[in-house]
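Here are a few notes on the model you sent over. I stuck to the fold of one chain and a strand that caught my eye.

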Amino acid sequence: MTAFILRRSLQSIVVLFIMSLIVFVGVNLVGDPVDMLINPEADQAEIDRVIRDLGLDRPVSEQYWYFVLNAFQGDLGRSFIFGEPALKLIVQRMPATMELALVSLLMAVVFGIPLGIYAGLKPNSKFSKTIMAGSILGFSMPTFWVGIILIMFFSVHLGWLPSTGRGDVATYFGVTSSAFTLDGLSHIFLPAFNLALFKLSSVIRLARAGTREVILQDYIKFARAKGLAESRVVRIHLLKNIMIPVITIIGLEFGSLIAFSTVTETVFAWPGMGKLIIDSIYNLDRPVVVAYLMIIVVIFVMLNLIVDILYSVLDPRVRIKGVS
Amino acid sequence: MTSFAAIGLSISANAADLRVGLKSEPSSIDPHYHNLGPNNGFATHIFGTLVGSDENQQHYPDLAVSWKPINDTTWEFKLRKGVKWHDGSAFSADDVMFTVERAQNVPNSPSSFVTYLKGKTFKKIDSHTIHVVTAKPYPLMPNDLSTVKIISAKAGNGASTEDYNSGKATVGTGPYKFIEWVPGDRIVLERNASYHGAKAAFDKVTFKPIKAGPARISALLAGDVDFIDNVPPLDVARLKTEKNVQLSSGPSNRVIYLHMDQFRENSPHITAKDGSPIKNPLMDVRVRKAISLSINRDAIVSRVMEGIAVKAGQLLPAGFHGVSSKMKPDPYDTKMAKKLMADAGYPDGFKMTIHGPNDRYINDAKIAEALAQMLNRVGIEASVETMPKAVYFKRASRGGPNKSPEFSFMLLGWGAGSGEASSPLKALLHTYDKSKGLGAANRGRHSDAEVDKLVKQALATVDADARGALLAKATEKAVGENYGVIPMHYQVNTWAAKAGYKYLPRTDERTIVTGLSKN
């Protein structure tokens with residue numbers, strides 16, 4: 001196991017390095033940040049001063065060299081716009097994005113698995129067909145539009161839930177989150193649901209497909225023949241066996257929930273990293289874009305690792321090499 | 001305890017509290033860190049300036065009670081007595097001296113106030129008198145000093161930008177005190193009971209950055225905020241039908257105009273209709289005039305802008321200093337335009353690409369498309385290429401060989417920060433001169449000796465009326481006769497508040513809650 005984790009870590013350093021090179025060169029090809037930052041009334045001397053201060057007068061190769069040197073000391077550069085360390089800006093906003101992603105993942109799992117199993121067990125019932133039709137909608141409707149519709153219906157029309165921003169936070173066991181207060185929960189519900197919709201549909205479809213396959217297996221027939229209660233058959237024999245593909249997807253999708261929560265965060269003005277990255281891309285805040293992508297790569301690598309380890313726990317046939 | 005109070009708030013907001021949905025969040029609370037619209041507007045709540053700038057960019061006494069030139073090169077500012085900082089200490093000339101020093105030396109500033117402070121020597125005469133000396137007569141002194149926020153020498157001593165962001169050093173003289181900033185989430189201010197001017201109308205103000213237009217509008221409709229800025233024109237008609245919403249709009253100091261390549265014999269994006277190279281037709285003033293006559297400004301205002309714009313015939317709308325009383329928007333006259341094209345030797349027209357941004361000005365890409373169709377009617381086969389501002393401005397300013405402007409025909413906008421016609425004349429129409437900082441945004445490289453002379457003369461004339469006359473004359477020559485640029489319309493900005501509140505629209509496009517009142 002240790003050897004496995006070590007090898008994975010080494011691989012991820014290579015990935016990080018290649019990624020940083022691609023991203024760094026990529027962001028330096030587009031536009032000139034000075035045009036985004038400077039007051040139009042500034043004269044040439046002031047423009048030159050800013051270019052010098054930001055280090056933009058040096059060739060890209062030299063800028064990259066300094067970036068790598070600093071990165072080894074945990075410094076991913078300073079935001080052009082905020083003047084603060086890019087890493088600090090991102091870490092500051094990370095809890096908001098994490099809690100949004102976790103709540104929507106929870107929604108996807110809690111609703112998705114039972115609905116998917118039901119649709120798999122009773123494929124011909126009206127309700128199952130409604131679930132499957134709904135999951136197609138969940139896949140195909142654009143997040144931005146759904147977000148606006150949710151706001152228009154639940155906030156503007158019904159007035160039940162707040163339309164924008166994050167609610168009050170509270171701290172329990174060292175974790176500060178808005179999911180611990182009533183106000184926070186009312187704020188997080190709509191954006192989390194908006195973000196969960198796509199994942200919910202994937203989970204429903206996976207659970208249904210898994211159920212359809214597993215339900216025909218001999219051990220299910222045997223369990224039923226033994227006279228076990230249907231609920232026990234589903235809970236013990238079926239659920240365990242459909243979980244492997246579901247966990248893979250959840251693991252990887254959690255990464256994409258974090259990485260691509262940008263649209264939902266923009267619509268709901270959620271103060272997370274997604275909103276930061278969108279603003280940074282529009283305003284050519286290169287250090288923040290590079291630092292953000294680095295962090296996302298690390299998150300993806302770690303999630304993959306966790307998924308691999310979970311596999312071996314869930315499925316005794318999968319044994320990670322290096323474990324005797 | 002605080003979170004309890006906040007829950008109560010979000011359910012039923014206190015009448016004396018205000019929640020504002022802002023399109024653009026300031027990048028810092030430090031008033032000298034970033035010289036850009038959202039920051040400068042926001043800082044006005046907390047900090048005062050020597051010279052105040054009202055909703056029409058007219059000057060009023062703020063921390064200085066009077067100012068006047070006492071000789072050709074010296075301005076005298078008399079400071080207000082009895083002004084208290086938020087921490088209770090007294091305001092004096094020392095704070096001004098500290099401010100002008102610090103404002104020019106903020107580390108990592110992405111755009112600093114050196115622009116307004118360089119070449120000026122500040123002298124403290126007594127505790128409430130300041131002299132500012134320049135090498136040459138300098139008329140724009142009050143305009144320049146209306147941009148620099150005065151900070152407390154006591155609180156600001158050794159303070160970094162982070163200290164302002166955290167509130168440690170954020171001590172001003174403005175109508176509101178700083179409470180907290182959670183970046184991306186909210187900025188909270190509280191009434192300053194000892195403000196020297198008209199008392200603030202709200203006990204507590206919370207600013208929430210809501211970037212997406214539809215989200216800002218629904219937050220207002222849902223009652224999650226009381227006041228929003230930057231209402232997209234497309235939504236104005238619908239919001240007018242809402243009983244609970246009150247709109248305010250007014251023209252801004254921003255003109256949307258066209259810049260045309262007037263410095264290259266062969267312009268890169270212009271060819272004959274068959275694609276063969278031709279001599280740059282935009283060098284001919286008749287062609288430029290023909291283009292102006294072929295623009296149906298009324299149609300652009302009513303169709304593309306949904307009526308939320310004012311057609312333009314010069315660089316600033318009426319009411320600003322230095323505008324010409326004679327100039328009117330050009331009429332829509334395709335017949336005359338075709339005749340001028342024929343006279344200039346282009347009876348069959350030519351082929352041209354219009355370049356423009358698609359995320360900078362209100363409806364910018366749509367304007368460019370409408371414009372192309374109008375030009376096609378007089379024989380100019382125009383195609384449109386728009387791009388994000390992040391890419392556009394670099395190419396428009398210096399994307400060509402030797403850092404020359406890349407495009408032949410550009411859609412652009414200019415907001416006159418100083419509230420005077422000297423701002424666009426100096427930046428857009430004076431001959432490009434990198435060393436002197438003149439014509440800095442002259443992307444068509446229009447150049448006319450008489451215009452240059454008039455602009456320079458105006459910039460050295462302290463007498464306001466005489467300067468105004470010179471600026472009007474320069475505009476008549478540069479725009480009216482030379483068609484150095486073609487003005488299209490003035491942008492109109494719209495704010496929306498919940499019923500019962502009215503906002504005094506500002507020409508500088510800023511959102512400052514002292515302009516919001518109950519009606």
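**Notes on chain B**

1. Strand β1 of chain B pairs with strand β12 (residues 204-209), the two running parallel and joined by six bridges. If you want a spot to check on screen, take Leu22(B), whose bridge partner in β12(B) is Pro209(B). Keep in mind while looking that this is a predicted model.

2. β1(B) has another parallel neighbour: strand β13 (residues 227-228) of chain B, with two bridges between them. Here the residue to click on is Gly21(B), which is bridged to Ile228(B) of β13(B).

3. Is β1(B) enclosed, and how many of its residues are buried? The strand covers residues 17-22, and five of those six residues count as buried, so the rest of the structure largely encloses it. The cut-off behind "buried" is 20 or more other C-beta atoms within 10 Å of the residue's own.

4. Zooming out, chain B holds 17 helices and 22 strands. Of its 519 residues, 51% are buried.

5. What about the overall dimensions? The radius of gyration of chain B is 24 Å, and a compact globule of 519 residues would be expected near 24 Å, so the two agree. Along the principal axes, the C-alpha atoms take up a box of roughly 75 × 55 × 40 Å.

6. Last point, on contacts within chain B. Taking those between residues at least 6 apart in sequence, 68% link residues at least 24 apart.

Conventions. Residues are numbered from 1 along each chain as its sequence is written. Chains are lettered from A and ligands numbered from 1 in the order in which they are written. This is a predicted model: local features need pLDDT of at least 70, side-chain atom pairs count only at pLDDT 80 or more; totals for chains, interfaces and linings use all residues. Helices (H or I, at least four residues) and strands (E, at least two) are DSSP runs, numbered from the N terminus. The radius of gyration is taken over C-alpha atoms; the globule rule is 2.2 Å times the number of residues to the power 0.38. A residue is buried if 20 or more other C-beta atoms lie within 10 Å of its own, exposed if 12 or fewer, and partly exposed in between; C-beta atoms are placed from the backbone. Two residues are in contact if their C-beta atoms, placed from the backbone, lie within 7 Å. Two strands pair if DSSP finds at least two bridges between them.
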